[in-house]
Amino acid sequence: VVITLIVVSIGFVLMRSGQSTAQSAIGKLDQINAEMSESQYTMYDGIENSGSEVVNVMNKFKDEYIGVQVKTKKVATGTWYIHNVSIASNVGTVGAKSTNTVSNTMDESHLEYINPNGKFLGSLVRDENGTVVALVFTQK
């Protein structure tokens, strides 16, 4: 009986240590999954992009629930595309659909014109949950 109790106790100890290892592995997999799902956005963070790539980004994410802001030398405050996002203390909140169109970015007569050869530095804006809600491109 004592030997059986010892074997059962060892089994429970091994099960508990295995359970914590499994929980740790699941946590790491969740983190990798989150990084992979955001990789389409994070690839622009801190990277210098051409103006034509910025326009491609707007076309790529036109059906997403995200905002893209472009700050040019002409419009230093920036113009929102796809969705408007309000930013307070580096935390963004997605608002209504933007009325600005990507077609204006290719017309030199508009203030929203984006020089295809211009250089833009990309950055991310996250909401209070850490989800990416906006991409901001600032002309250098």
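Is Y41 buried or exposed, and what relative accessibility does it have? In this predicted model, Y41 has a relative accessibility of 9%, under the 20% limit, and therefore counts as buried. The legends below take up this residue and several other sites in turn.

**Figure 1. Close-up of the ring pair formed by Y41 and F61.** The structure is counted as having 2 aromatic pairs. In the pair shown here, the ring centres of Y41 and F61 lie 5.0 Å apart while the ring planes stand at 50°, so the arrangement is classed as tilted. Y41 belongs to helix α1, whereas F61 sits in the loop that runs between α2 (51–60) and β2 (67–71), so the pair ties together parts of the chain that are 20 residues apart in sequence. Both partners are buried: Y41 has a relative accessibility of 9%, and F61 has a relative accessibility of 1%.

**Figure 2. Close-up of the ring pair formed by Y44 and F137.** The centres of these two rings are separated by 6.1 Å and their planes meet at 75°, an angle over 60 degrees, so the pair is described as edge-to-face. Y44 is placed in the loop between α1 and β1 (48–50), and F137 is part of strand β7 (residues 132–139), so the contact between the rings ties together parts that are 93 residues apart in sequence. Y44 is buried, with a relative accessible area of 4%, and F137, at 0% relative accessibility, counts as buried as well.

**Figure 3. Close-up of the buried residues of helix α2.** The buried residues of this helix are G51, V54, V55, V57 and M58. When the helix is seen down its axis, these buried residues fall within an arc of 155°, so they line one face of α2. The elements that cover the buried residues of α2 include strands β1, β2, β3 (79–81), β6 (119–126) and β7.

**Figure 4. Close-up of the largest cavity and its lining.** The structure holds 1 cavity of 30 Å³ or more, and the volume of the largest cavity is about 40 Å³. Its lining is made up of V70, T72, V75, T79, Y81, L111, E112 and I114. Sorted by class, the lining of this cavity comprises 5 nonpolar, 2 polar and 1 charged residues.

**Figure 5. Close-up of two buried acidic residues, E38 and D127.** E38 is found in helix α1, which spans residues 2–42, and its relative accessible area of 16% lies under the 20% limit, so E38 is classed as buried. Once neighbours within four places in sequence are left aside, the residues in contact with E38 are R126, G130, T131 and V132. D127, for its part, is located in the loop between β6 and β7 and is likewise buried, with a relative accessible area of 17%. With neighbours within four places in sequence again set aside, D127 is in contact with V91, G92 and V133. A76, by contrast, is 51 residues from D127 in sequence and 23 Å from it in space, C-alpha to C-alpha.

**Figure 6. Close-up of two residues with positive phi, I82 and N90.** Most residues other than glycine have a negative phi. I82, although it is not a glycine, has a positive phi of about 70°; this residue lies in the loop between β3 and β4 (83–88). N90, also a residue other than glycine, has a positive phi near 60°, and N90 is found in the loop between β4 and β5 (91–97). The two residues stand apart in their accessibility, since I82 is buried with a relative accessible area of 10%, whereas N90 is exposed with a relative accessible area of 70%.

**Figure 7. Close-up of T101 in the loop between β5 and β6.** T101 has a relative accessibility of 36%, a value between the 20% and 50% limits, so T101 counts as partly exposed. The C-alpha atom of T101 is separated by 70 Å from that of V7, a residue that is 94 residues away along the chain.

Key
Residues numbered from 1 in each chain as written. Predicted model: local features only at pLDDT ≥ 70, side-chain atom pairs only at ≥ 80, totals over all residues. Heavy atoms only, no water. Helix = DSSP H or I, 4+ residues; strand = E, 2+ residues; numbered from the N terminus. Buried < 20%, exposed > 50% of the residue type's maximum accessible area, 1.4 Å probe, protein only. Contact = heavy atoms within 4.5 Å. 1 Å grid on protein atoms, 1.4 Å probe; cavity = no way out; pocket = protein on both sides within 12 Å on 5 of 7 lines; lining within 4 Å. Points joined across faces, edges and corners; volume = space filled by probe spheres on them. Nonpolar A, V, L, I, M, F, W, Y, C, P; charged D, E, K, R; others polar. Phe/Tyr/Trp six-rings, centres within 6.5 Å; stacked < 30°, edge-to-face > 60°. Arc of directions from axis to C-beta.
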